[in-house]
Amino acid sequence: MLGQRGAAYSTLRDTLTTAVRSPLKALRSRQRQDEIIWALEDVSFAVQPGEVLGIIGRNGAGKSTLLKVLSRITEPTRGRIELYGRIGSLLEVGTGFHPELTGRENILLSGAILGMKRLEIKRRFDDIVAFAEVERFIDTPVKFYSSGMYMRLAFAVAAHLEPEILMVDEVLAVGDAVFQKKCLGKMGDVARAGRTVLFVSHNMTAVNQLCPRSLLLENGQVKVMGKTSEVMTQYLKGGAGKGGEWVWKDSRRAPGNHRIRLQAVRIISNGKITSDVDIDKDVSIEVDFWNYAAGIRNLGVNIYLQDGMGTTVLSTANTPNANSLEEDWFDQPHAPGLYRATCTLPGNFLNDAPYYITVYVITLGPLAIEVEAPQVLSFDVFDTGGMREAGGGGGWVGAVRVRLPWRTELLAPLEDLQPVEAGQA
Amino acid sequence: MPTTTSDTDSFLPPPSALTLPEKPLVTIEPKGWWVGVNLRDLWSYRELLYFLTWRDIKIRYKQTLLGGAWAILQPVFMMLIFTIFFGRLGGVKTGEFPYALFAFAGLVPWTFFANSVTVSGNSLVGSANLITKVYFPRLLLPAAAVAAGLVDFMLAFIVLVGLLFFYMVPPTWNLLMLPPLIALTVLFALSVGMWLSALNVKYRDVRFALPFMIQVWLFVSSVIVPSTGVPERFRWLLLLNPMSAIIEGFRSTLLGLRFDWTALSIAAVITLFALIGSAYSFKRMEKHFADII
């Protein structure tokens, strides 16, 4: 299994049989064996030089722990990782930035913290400034930067790292669309230059675009590794959507924190739990969650509905301004317990397509994300009725398919118009 | 066993055109009960020590009116207060030298030590965002804090030299002891700061106990009263505090007094053990930093 030069399976190899204890549990010295949650268990894989590997998985699957272990931020409890090259990790944008320092100073500092040598930074300095488009403000403290400028500069430093192995965690979720595109392009360049990239993201479009191969983590284990398109199908279909219900049996693994934790998400249509929805029927999405915080207020349950391309079709919430029902729940204090929020989408609204549900639970004032469960469940909408053929053969184009009131009428009969036309001639 | 998608051997990497070194550059494994300080790793990150020190210096006096003058004002004000209360009112005997000079010669290394320990003791907690996001030898953070303190020390030292000129104290060969004494102070400050910084990650009590501890420490470090002013039967206790020997050593260096070689040797030995001990316990605690900070 160990690396040898020239042999077929011997190149860059981070053979990894790793398991990391849940950080909190590890602190308590006298714990029973069955109380230990392994954030990663028996994870083993190899990545080649020049390969861009996508790492996907639901929240709590162990993606972040994997990146942290690989980038030596936390130590594995057991197992081994072999890295054939310098490793650079990009777990956030702006690592090492200090608001009081100028753009120029921050490039030097952040570069050094991310592992660049002084000469390297000097050599790439102009490229970084040009990439970030902050030439005019390079000697201004970054605390005076707009958030966009700050992000651009921070990413520019990171994008110009030259480690043999680069690990990226969802940093592309920031900035405007144009800049995101630029960042994706940069990542592609990095890979083409023969360097290895491990890319963790919820952005399916980005993973699809960048990574020929992907690895799917589930409950701290490698569920599947292979072609991205196939892994993604497993990810979207596999974990979620089975029977239209997802229940976290082990609440410690459920998305959430010590205040709020998800218990289950399910789809109900035509009176039963299902992942196949008739286009004519209403669809209810139920979110069951534990509230552990006594007297918590302003608790918002948000649902994002995405299509197969990762585009958000709609977002909705149980907040009074977004709720069409007169409900007096939102700003009341809530006793600890199990709660259910139900949102009903009308029939004849979604198109006949697969949809993916992302759930957030937030508290307002100040805004805090308590639960984030991306693509937790999926369902398919089927057209069984008469509209199927009426679309002109190819189905209805669009993210939604709403029956809208149409009125078509005769404005004037042809005979009445003829004298006018004649008069004009 | 995980399942694979299309090809049965997708776990086996495809052959690669690029050749790689025979041995991995880095191997990550859990460490056993014995943890050594990886000096090679530290050395390869020496540039980062420079940058972190530079950052600490740069931001220390940002958005202050007086800026670097604080490095001088701190010991100078302390000197004035000590001179009034202990020199005049307390009548502390300082031999042939005026109390102001006596106090300032001790306050310059003491201020360096006190600030270094305070800043480095809080260095890890203050850089939580770095520790959870990127790898580098964590030891660099307290080390950079101590190194940055040296700049303040130099500034205050210039004032001290001026004071020596003012009182017309002639330089002696004792000045040769200055570099080893500074080195000893740095190492002792590093060992205390390093240990406290690691402890601070787990127990934030350190942050509150630290200022108090430093204040008490000042009174037993021969800054205010020379060791000769301490009753004979308690004097051996001062030997257990390296700062006392170091500060007396500084005075001997600058004022041309006799060195207490016994006290200095004991201080050096204690510093050595403190350094090894605190580096060891730092490494022991290091692996949990990212999880609990």
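The exchange below concerns confidence and enclosed space in a predicted model.

Biologist: What makes residues 1-17 of chain B a stretch to read with caution?

Modeller: Since pLDDT is the predictor's confidence on a scale from 0 to 100, and over residues 1-17 of chain B the pLDDT is below 50, the 32 contacts that this stretch has in the model beyond near neighbours in sequence call for care. Where pLDDT is low, the predicted coordinates should not be read in detail.

Biologist: How do you know where confidence is lowest and where highest in chain B?

Modeller: The mean is 42 in strand β1 (residues 3-4) of chain B, the lowest, and 96 in helix α8 (residues 178-202) of chain B, the highest, while chain B has a mean pLDDT of 88, with 91% of its residues at 70 or more. For the complex, the predictor gives an ipTM of 0.82 and a pTM of 0.72.

Biologist: Why is the space of about 60 Å³ called a cavity?

Modeller: It is called a cavity because a 1.4 Å probe fits there but cannot get out, and with its volume of about 60 Å³ this is the largest cavity in a structure that holds four of 30 Å³ or more. Elements giving two or more residues to its lining are α3 (69-89), α4 (99-121) and α7 (140-166) of chain B, with the largest share, four residues, coming from α4(B).

Biologist: What makes B:Asp152 count as charged, and how many charged residues does the lining of the largest cavity have?

Modeller: Asp is counted among the charged residues, and B:Asp152 belongs to this lining, which has one charged residue beside six nonpolar and three polar ones.

Notes:
Residues numbered from 1 in each chain as written. Chains lettered and ligands numbered in written order. Predicted model: local features only at pLDDT ≥ 70, side-chain atom pairs only at ≥ 80, totals over all residues. Heavy atoms only, no water. Contact = heavy atoms within 4.5 Å. 1 Å grid on protein atoms, 1.4 Å probe; cavity = no way out; pocket = protein on both sides within 12 Å on 5 of 7 lines; lining within 4 Å. Points joined across faces, edges and corners; volume = space filled by probe spheres on them.
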